[in-house]
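Thank you for making the time this morning. I would like to walk you through one structure, step by step, and I would ask you to keep it open in front of you while I talk.

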Amino acid sequence: MIRISEPQLGPEVERLVLEVLRSGRLAQGPMVERFEALCAKMAEAPFAVAVSNGTAALDAALEARGIGPGDEVITTPLTFAATLNALLRAGTRIRFADVGADFTIDPDSVRSLIGPSTSALLPVHLYGLPADMRQLREIAAEYGLKIIEDAAQAHGASSEAGKVGAEGTATFSFYATKNVTAGEGGVVTTDDRSVVDHLRLIRNQGMSEPYRYSTVGQNLRMTELQAAVAIPQLERLADFNTARARNAAVLTAGLAECEDLTLPTTPQRRTHVWHQYTVLLDRGRDRDAVVAGLAKRGVQAGIYYPALVWDHPPYRQSDQVIPDRTPQAADVVERCFSLPVHPGLQESDLAIIIEAVSDVLDKERSRRPLQSRGAERGRV
Ligand SMILES: *Cc1c(COP(=O)(O)O)cnc(C)c1O
């Protein structure tokens, strides 16, 4: 099976993990500091603070930026539950702007939702593509809004506004399937000294000096082992991102003739780091059959995500959640699927993926009545 994600761990990871095991120091220490320095470098950010996972990074960043009850935050409905869960825990109200054709939050839609209680924007750099940060920063400046960027999928990406995480406050995840993994791990990057101070306090029980507490904190510490797993990957991140971009280009060239697919494109002046290579299947085609057909041919496809983030039982009942109408995002969740694009793929794997997709689409097309085929051809 060609898997949708595959951690890139080499002998250097093994060496560093062994070094930690033999050092006798397992919890947050010098290895975590090295990890933080590499994260700051990755994002071209003045500061990086490591935490236990990407969700904890979101929680901590919201708290450090003073976003909580009484605030209304605008985010995207096309994201992982962690984004929404963090906002709910913070006690904010949540509104959803629609996405553009690039799958990221649409600045015009954001504008249309801004009201008197709006206090922050939470864009998600989905699939590794930064949102339009130039426009979002302009909007934030105009209305005095804070921005927290969910960069869980966008290690090393950049836009016209610079490297993701360089400015303001951004959170990254190092979960097992992310572009850089620690098994579990997270980091907040920021250019704000006071955010750093707050994050360092709350990740360790609010302790400013041994057994002196200056705020109510918790345990968000990363272990030395997690840092040791991630460090060698961060050192090779540029090569991994080059490989992902090359794989995406091969897929795009190979799938160009598939008439039932809309392939992903990268807007000008943004660097996509291809966490996922996500296509849209034409309406009327059976996505489940396509994904099952790919699995039969040894290709694992993923659906990110099968529903709008708020469209699940616990959120539909919540009075913090405002289910705004987002037709573009609603269309995406019905039609999207993602193909493997990770740096572990060989040329032969890419050929297999392209062949499998073409083959499955042909098979599935020939099963449908002629009439419905004709009816769909005119659709956009
Ligand atoms: C993975 C992910 C998170 C959460 O990160 P964890 O490390 O799994 O807690 C948050 N937001 C998005 C968009 C993600 O993909």
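What follows is a short tour of the ligand site, the cavity, a few buried residues and some backbone details.

I should say at the outset that this is a predicted model, and everything I describe is to be taken in that light.

Let me begin with the ligand, which has 15 residues around it, and the closest of these are G54, T55, D150, S173 and K178. Taking G54, a backbone N or O atom of this residue lies 2.7 Å from an oxygen atom of the ligand. With D150 the contact comes from the side chain instead, where an N or O atom is 2.7 Å from a nitrogen atom of the ligand. The side chain of Q153 also takes part, with an N or O atom placed 2.8 Å from an oxygen atom of the ligand.

Now to empty space inside the protein. Rolling a probe the size of a water molecule over the atoms shows where empty space is left. In this structure there is one cavity of 30 Å³ or more, and the largest cavity holds about 90 Å³ of space. The lining of that largest cavity is made of 16 residues, and those closest to its centre are S5, E6, T177, K178 and R244. If we sort the lining by class, we find nine polar residues, four nonpolar ones and three charged ones. You may recognise K178 here, since it is also listed among the residues closest to the ligand.

Next, please find T75, which belongs to strand β2, covering residues 72-75. Is T75 buried or exposed? T75 counts as buried, because its relative accessibility is 1%, and the cut-off for buried is under 20%. Its side chain reaches the backbone oxygen of L122 at a distance of 2.7 Å. Leaving out residues up to four places away in sequence, T75 touches a list of residues that includes T83, L87, I94, F96, L122 and V124.

One of those contacts, L87, deserves a look of its own, and you will find L87 in helix α4, which spans residues 81-90. L87 is buried as well, because its relative accessible area is 0%. Beyond the residues up to four places away in sequence, L87 touches L62, V73, T75, T92, I94, L122 and Q320, and so the contact with T75 can be traced from either end. To give a sense of distance, the C-alpha atoms of L87 and T189 are 18 Å apart in space, while the two residues are 102 places apart in sequence.

Moving along the chain, A151 sits in the loop between β5 (146-150) and β6 (158-159). A151 counts as buried, because its relative accessibility is 0%. Setting aside residues up to four places away in sequence, the residues that A151 touches are H125, V164, T171 and F172. From A151 to E347 there are 196 residues along the chain, and their C-alpha atoms are separated by 29 Å.

Another loop, between β12 (261-262) and β13 (277-281), contains H272. At 9% relative accessibility, H272 counts as buried. A polar atom of the H272 side chain lies 2.9 Å from the backbone nitrogen of W274, and, neighbours within four places in sequence aside, H272 is in contact with Y127, G128, L129 and T266.

I will finish with the backbone, and here some background helps. Most residues other than glycine have a negative phi, and most peptide bonds are trans. Which residues, then, have a positive phi although they are not glycine? E44 is one of them, with a phi of about 55°, and E44 lies in the loop between α2 (30-43) and β1 (47-51). E44 counts as exposed, because its relative accessibility is 54%. Q205 is another, with a positive phi of about 65°, and Q205 is found in the loop between α7 (193-202) and β10 (207-209). At 37% relative accessibility, Q205 counts as partly exposed. Lastly, the peptide bond from Y304 to Y305 is cis, with omega near 10°, and Y305 has its place in the loop between α10 (287-296) and α11 (313-316).

Key
Residues are numbered from 1 along each chain as its sequence is written. This is a predicted model: local features need pLDDT of at least 70, side-chain atom pairs count only at pLDDT 80 or more; totals for chains, interfaces and linings use all residues. Side-chain values use heavy atoms; hydrogens and water are left out. On a 1 Å grid over the protein atoms alone, a cavity is a set of points where a 1.4 Å probe fits but cannot get out, and a pocket is an open set with protein on both sides within 12 Å along at least five of seven lines; lining residues have an atom within 4 Å of a point. Grid points are joined across faces, edges and corners, and a volume is the space filled by probe spheres set on the points. Ala, Val, Leu, Ile, Met, Phe, Trp, Tyr, Cys and Pro count as nonpolar, Asp, Glu, Lys and Arg as charged, and the others, Gly among them, as polar. Helices (H or I, at least four residues) and strands (E, at least two) are DSSP runs, numbered from the N terminus. Buried means under 20% relative accessible area, exposed over 50%, partly exposed in between (1.4 Å probe, protein chains only). A polar contact is a pair of N or O atoms within 3.5 Å; within protein, one must be able to donate a hydrogen and the other to accept it, and residues adjacent in sequence count only if both atoms are side-chain atoms. Contact means heavy atoms within 4.5 Å. A residue is near a molecule or strand if one of its heavy atoms lies within 4 Å of it.
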